[in-house]
Amino acid sequence: MPFPEVTRRGFLGLAGGVGLATVGSRLVRGPSLLTARSPQTLGGQPFALGVASGDPLSDRVVLWTRLAPDPTAPAGGMPPEVFPVRWEVATDERFGDVVAGGTVRAKPDTAHSVHVDASGLEPATDYFYRFIADGTESDVGRTRTAPAAGRLARLRFAFASCQDYEEGYYGAHRHLADDDVDVVFWLGDYIYEGGVGSNGVRRHEGPEILDLDAYRRRYATYKSDIDLQRSHVAHPWVVTWDDHEVDNNYADDRSQRDDQAPDAFLQRRAVAYQAWWEHQPVRLSPPTGPDYKIYRRVSFGDLVNFHVLDTRQYRTDQPCGSPVDIGTPCAGQDAPDATLLGSEQREWLFTGLRESTARWDVLAQQIMFGPVSFSPDPALPVLNLDQWDGYEVERQKVLKALTQAPRNGVVITGDIHSSWVNDLVTDVSDETGAAPRTVATELVGTSITSNFPFADVIDAAVPTQPTIKYGDGRHHGYVRCDLTRNQLRADFRYVSSIETPDVSVETGASFVIGDRKPGALAV
């Protein structure tokens, strides 16, 4: 949406260079003042990990930062003390009209992270925010509240996932920061848990992460990236996780290689979830163990409900002992009790779809929902059982629920490091005897940096599968969506390279989905 006072690109330049007024201990409407600046004691920039906002509602938004003057040092270089942090929200980027503020305590047991639920704001309004600690101001962030309940004509959003730090630079985030969207949905793999690789353009700071301090240092490595910080500065985010925030391909209490006993893995999961919360702008209480409910619903007027899912924490193990099935049918795919969502989350989703009054219902989730064989030979299918292909009975239940949504069902997906557009079709074995029909559309975004090594496989396999409208495994970037009452337009935005941060961006493909016309059309 347009911003009358300053362009997004102009703001991003201003935020990095303007000298900011200091902050007083009492909130007043107007320019902020500091009558007695605190002396610096930390010996570094306390806001080296940037600032972020997220989970916008019509009257509030979550503001985030973390004090870490030496980000990858133990405890981020912070002493084991509580530090006061001042926060402010204003209607202008120079903080001439401060409308909310206060002081919070950054505590060592939560990595000196700060989560402020800034309330009392106006709907569908742009705000600017900042933090002050140890006599130092943070960068200025820009955020936007959700619209009030009622009729909404348009929403612009983006979604992205999978940003392996070692495999590339975050030029996609630099361009995402410049795009005029109202909100960004992050669909998982914010960090990668592995150790230092043998190739890539840059290196992780240590071996595979297993304990809380290591997870905190890994987040610090990622969040130190300037382009990722720019993306957070420019937009509010809604964040969910996938597997690499804990361990690749994990399923509930099972590690990837079954190299940890379930009890030990749950301890690892608990500290991973703790570090995730410490580093994300989410409206959630901190976790207290390995069980942590993060699925939630975000609404924008009567236009769209986003049902933000968790397909890792509650899932049964991948069927047939492997995430990949080649050639032979795997009986476990059709197991009636196999689940990705778990019973509680599944019923929450179905209730939300059934009771929705929005024109669009979007499932924001992690893994490829539509069926796909990574083979050009229909007689020799190659399936990824870590995806919904490994959980067929539950997939059909979700498809049936999507048919009961009042108007339009869309699935947005990350995880697979490649781009896809899929028509979602009901099973031919539907108990009514009806012929298969398209009931929804899936948009799968590529990665920010994480590589997909089988691009040629996609090129060969896609033409043999009529429900797949588009597939690309060569490009990196994000998906930008323009949603109105009549259609959803999705632009696949691709950067020219991940080997340097200075890159161009272009729209590689565009598709539209019409109101009550499931299925995607290329434009």
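User: What is the volume of the largest pocket, and which residues lie nearest its centre?

Analyst: In this predicted model, the largest pocket has a volume of about 710 Å³. Its lining consists of 27 residues, and those nearest the centre are Asn249, Asn384, His417, Phe452 and Phe454.

User: Which element gives the largest share of that lining, and how is the lining of the largest pocket divided by class?

Analyst: Strand S16, residues 382-384, provides the largest share of the lining, with 3 residues. By class, the lining holds 11 nonpolar, 9 polar and 7 charged residues.

User: I should like to turn to the sheet. How does one read the pairing of strands, and in what order do the 7 strands stand?

Analyst: As a general idea, the strands of a sheet pair through backbone hydrogen bonds, in either a parallel or an antiparallel sense. Here 7 strands form an open sheet with mixed pairing, in the order S12-S13-S15-S17-S19-S18-S20. The edges are strand S12 (296-300) and strand S20 (468-472); each has a single partner strand, so one side of each is left without a neighbour in the sheet. From one strand to the next, the twist averages 20°.

User: Do strands S15 and S17 pair in the parallel or the antiparallel sense, and which residue of S17 stands opposite Ala364?

Analyst: Strand S15 (residues 360-364) and strand S17 (residues 408-413) pair in the parallel sense, over 5 bridges. Opposite Ala364 stands Ile412 in S17.

User: How should I read the cysteines, and which of them does a disulfide join?

Analyst: A disulfide is a covalent bond between the sulfur atoms of two cysteines. The count in this model is 1 disulfide, which joins Cys320 to Cys330 with an S to S distance of 1.5 Å. The pair links distant parts of the chain, 10 residues apart: Cys320 is in the loop between strand S13 (304-308) and strand S14 (324-326), and Cys330 is in the loop between S14 and helix H6 (342-355).

User: Is the disulfide of Cys320 and Cys330 right-handed or left-handed, and is Cys330 buried or exposed?

Analyst: The torsion about the S-S bond is about 85°, so the disulfide of Cys320 and Cys330 is right-handed. Cys330 is buried, its relative accessible area being 5%.

User: Why is the sulfur of Cys162 without a bond to that of Cys481?

Analyst: The closest cysteine sulfur to that of Cys162 belongs to Cys481 and is 16 Å away, which is too far for a bond. Cys162 counts as buried, at 0% relative accessibility. Cys481 is in no disulfide, and Cys481 is also buried, with a relative accessible area of 1%.

Definitions and conventions: Residues numbered from 1 in each chain as written. Predicted model: local features only at pLDDT ≥ 70, side-chain atom pairs only at ≥ 80, totals over all residues. Heavy atoms only, no water. Disulfide = S-S within 2.5 Å. Helix = DSSP H or I, 4+ residues; strand = E, 2+ residues; numbered from the N terminus. Buried < 20%, exposed > 50% of the residue type's maximum accessible area, 1.4 Å probe, protein only. 1 Å grid on protein atoms, 1.4 Å probe; cavity = no way out; pocket = protein on both sides within 12 Å on 5 of 7 lines; lining within 4 Å. Points joined across faces, edges and corners; volume = space filled by probe spheres on them. Nonpolar A, V, L, I, M, F, W, Y, C, P; charged D, E, K, R; others polar. Pairing = 2+ DSSP bridges. Axes fitted to C-alpha atoms, helices over the stretch in contact; angles between N-to-C directions.
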